[in-house]
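Trainee: Could you walk me through this one before I set anything up?

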Amino acid sequence: MLEPWTNDAGSINFENLPQVMNKLFGPDKIRRFIPNYVIRNPEDLLSRPYILIGSKGSGKTLLLRCKEAILKQFEEELSLVFAPYAHDLRKGHSILLTGQSIRIPARSRNMYRSVRAWFSLFYFLIACMSLIRLARHHMAPRYRVEETYDEFCRVYLQEASPVQKDLVGEVWRMYAEDQKGEFLSRIISRLVQAHHDFHIFESTAELIDLGSLPGDRRFVILIDSIDESFCDENGAALVENIGEFVGGKGDGSVPGKGIDVADTIEIWTAIQCGLADAVIKLWEKSNNRIVAYATVRGELKSAYKGDAQLKDYTLSLEYTRDDLESVFDSNVQLWMEVNQRPPSEEGHGKSAKVHETVDPREQRLKAFFRDGCQVAGEDALSRVLRHALPYPRCVVEIGREISELSNRKRQSDVRSAIERGARISCQDHLLYAVPSFLPNRGDEAEAITKRKIELLREIFKSNVIYKTIDANASNRNEEKSNHFGLQEDQFQTLIRLRQLGLIGIPIPAGGGCELDFYEDSFDGGKSERTTERIATARERLMSAPYLVAHSALAAYLGSDMIKVDRRIRPGERLPCPPQLYRPSVYIYVQNGKLMLKIDSTSADAEGQEKVVEVNDRYAKLAVSVLICAAALCKDEVSNKEVKANNDKMQMMEKRFRFNGALKDQGAVKHIASALKPLGLNIGVRKKRQLDKEHDHDLFAVQGVHASQIYLADHLEFLNRYGNSKITAE
């Protein structure tokens, strides 16, 4: 029976294939690859796609192994011959590749950066294996074992040179009929180590007539984990070197190891691009008789530069909120079946209405969460999805933590379980995503990880980082070349986290804004998530009024260590209020008069709500500073920004004539104290004397965040991000 909350596809038993297929989750497009169990036309199983693209934890391995199990059921009907002679069954799947087993020699590294080179190797290897496998199957009834190779050479290698015959013979010997286990790793490793020039693969492949392969059967090979199978000459996985580069100084080398990491990144990408290109070309040139499937990492989408139309042959595994919710619900159903738990009886008792319809899904969730259906005023499932990264593995990890609780689940227990699952998922993401953030091996890994966590906690005093520094001022500050008052190494860290989908920025939407954790790119009329390049990530971070840590990252750092606003909601683009705190200062116009209301949430308001008419000219100027801070969503605004904002107001209504006194050098002292009786201070920090207008003096709003200032209807046009209508939790 299929077990609930299973994170490792290798542990799934495919003997009960119908159940596995029926429980498959995710986007509808997955059914292009794995159909519903009722298969009317088996030939459809061999149609596109052939390449699964997705991040770690997106379900690539599960889908590939499910595909293999289905094809095995129709092996005779579809006339299939599989690459492995004998399947080493680990609960239903064959193993072809071993992680970190194929070494890239130090010599001629430039050659290994070529997509064409890797295409040549994979194209030759799969074509050669298909020819050998189909020839053996075709000749077996007529020739003794010791005669088959001679006959093979006579029939299929007539025009081959001695070097080419030796190369094919090498594959023939390594691809023996008694081979078991990860034989593909051994063959690839031997070819890479023995041949300095990959051109021999291309010329030899041309000798194989893919349009006239032996017999009438089709050759099937499924290649998984190619991204984890290659390592450097020291035995370190290529993806780990990429991670060390990300955490290093960015000079293109790993300190103390002599590894050119820029080359490593290109090699790692070229390997996968070459394999994808070979899979497509083999299908096309063999008249559909070589059926190869492969999994590659999501980074391939942006790096791929092959001639083929990639989107026609690939399935990109990306998940929406509804998809992830389906994953969770599917596992809850399994959990109830395995544990023989009946649905919650709520709604079925004597007091239930006669015609009341009970949602089965809702009943399942009540049975699973028990007393923890609401956590801190938030729906428990929404909380799960808010803490999950957009991959099935993350949702499953959180669900597993909850399932291990006792039958009576209190709110505090569910809350802790969600954060434990999110912490585990986030750590895995930081370790294994590309580019990675944390080292996952080596003597210094623990110490480096500890330092990086300390760095993160220095950055995230809260899960929200506000823009505080004027752009012109920050450009003149060598140490803080950003708008958030962060040192350059701290800001570089944010860029890396942004690339990993862990930093959200607000974007205007529907009068408010939404949190966007990914760059958007236009691809065939559809918006797709892609990894941002460093320059793009920096630009988008710099333009944001504030930054928000993903709930999974907040859980990883420890919600007890940082202040966390828990009202951020999940999804591809998480909807959030433009202001993350309840407004405590309201600025509005009433009967032509400028009014200021301060409620009890203001720091110094002594618990009283105050409503005052602003008459004094310095008080008006002080209010104009508050208006500018709210409009720009910044706690510090320059004199120049205030004047520019006042100009906008004056263009709208003549009564907003605030600029005059701002040119007075003595005015700033009066502005700073004008609202002090109301519990609001406006500090002034003078910058270098660049001009007589004091444009670069900074007004620092104190006693309230800029995000807590609400601009009413007459002034709302100034605010790019709208006003928050959401009350505090």
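Mentor: We can go from the whole chain to single residues and then to helix packing.

Mentor: Keep in mind that this is a predicted model, in which local features need pLDDT of at least 70 and side-chain atom pairs count only at pLDDT 80 or more, while totals for chains, interfaces and linings use all residues. Residues are numbered from 1 along each chain as its sequence is written, and side-chain values use heavy atoms, with hydrogens and water left out.

Trainee: Okay, how many helices and strands does the chain have?

Mentor: The chain has 25 helices and 25 strands, where helices (H or I, at least four residues) and strands (E, at least two) are DSSP runs numbered from the N terminus.

Trainee: And what share of the residues count as buried?

Mentor: Of the 729 residues, 56% count as buried, with buried meaning under 20% relative accessible area, exposed over 50% and partly exposed in between (1.4 Å probe, protein chains only). The accessible surface of the chain is about 32000 Å², and carbon and sulfur atoms hold 46% of that, by the Shrake-Rupley method with a 1.4 Å probe.

Trainee: Does UniProt have something to add, and where is the "transmembrane region"?

Mentor: The unreviewed UniProt entry places that feature at residues 117–135, though such annotations may be inferred rather than shown by experiment. In the model, the stretch 117–135 is 100% helix and 0% strand, and its end C-alpha atoms lie 27 Å apart.

Trainee: Switching to backbone oddities, which peptide bond is cis?

Mentor: The bond from Arg-48 to Pro-49 is cis, with omega near 5°, and Pro-49 sits in the loop between helix H1 (17–22) and strand S1 (51–54). For background, most peptide bonds are trans, and most residues other than glycine have a negative phi.

Trainee: Then what is phi at Trp-5 and at Asn-288?

Mentor: Trp-5, in the segment before H1, has a positive phi near 55°, and Asn-288, in the loop between helix H10 (261–285) and strand S8 (290–297), has a positive phi near 70°.

Trainee: Are those two buried or exposed?

Mentor: Trp-5 counts as buried because its relative accessibility is 6%, whereas Asn-288, at 33%, counts as partly exposed.

Trainee: While we're around H10, what does Lys-285 touch?

Mentor: Leaving aside residues up to four places away in sequence, Lys-285 touches Tyr-123, Leu-210 and Gly-211, a contact being heavy atoms within 4.5 Å. Lys-285 and Gly-211 are 74 residues apart along the chain, yet their C-alpha atoms are separated by 6.7 Å. Lys-285 belongs to helix H10 and is exposed, with a relative accessible area of 53%.

Trainee: Last topic, at what angle do H14 and H15 pack?

Mentor: Helix H14 (residues 360–369) and helix H15 (residues 380–387) pack at about 80° with their axes 11 Å apart, the axes being lines fitted to C-alpha atoms, for helices over the stretch in contact, and angles running from 0 to 180 degrees between N-to-C directions. The two helices are therefore roughly perpendicular to each other, since angles of 65 to 115 degrees count that way, under 35 as roughly parallel, over 145 as roughly antiparallel and the rest as oblique.

Trainee: Which residues meet there?

Mentor: Arg-361, Leu-365 and Phe-369 of H14 meet Ala-380, Leu-381 and Val-384 of H15.
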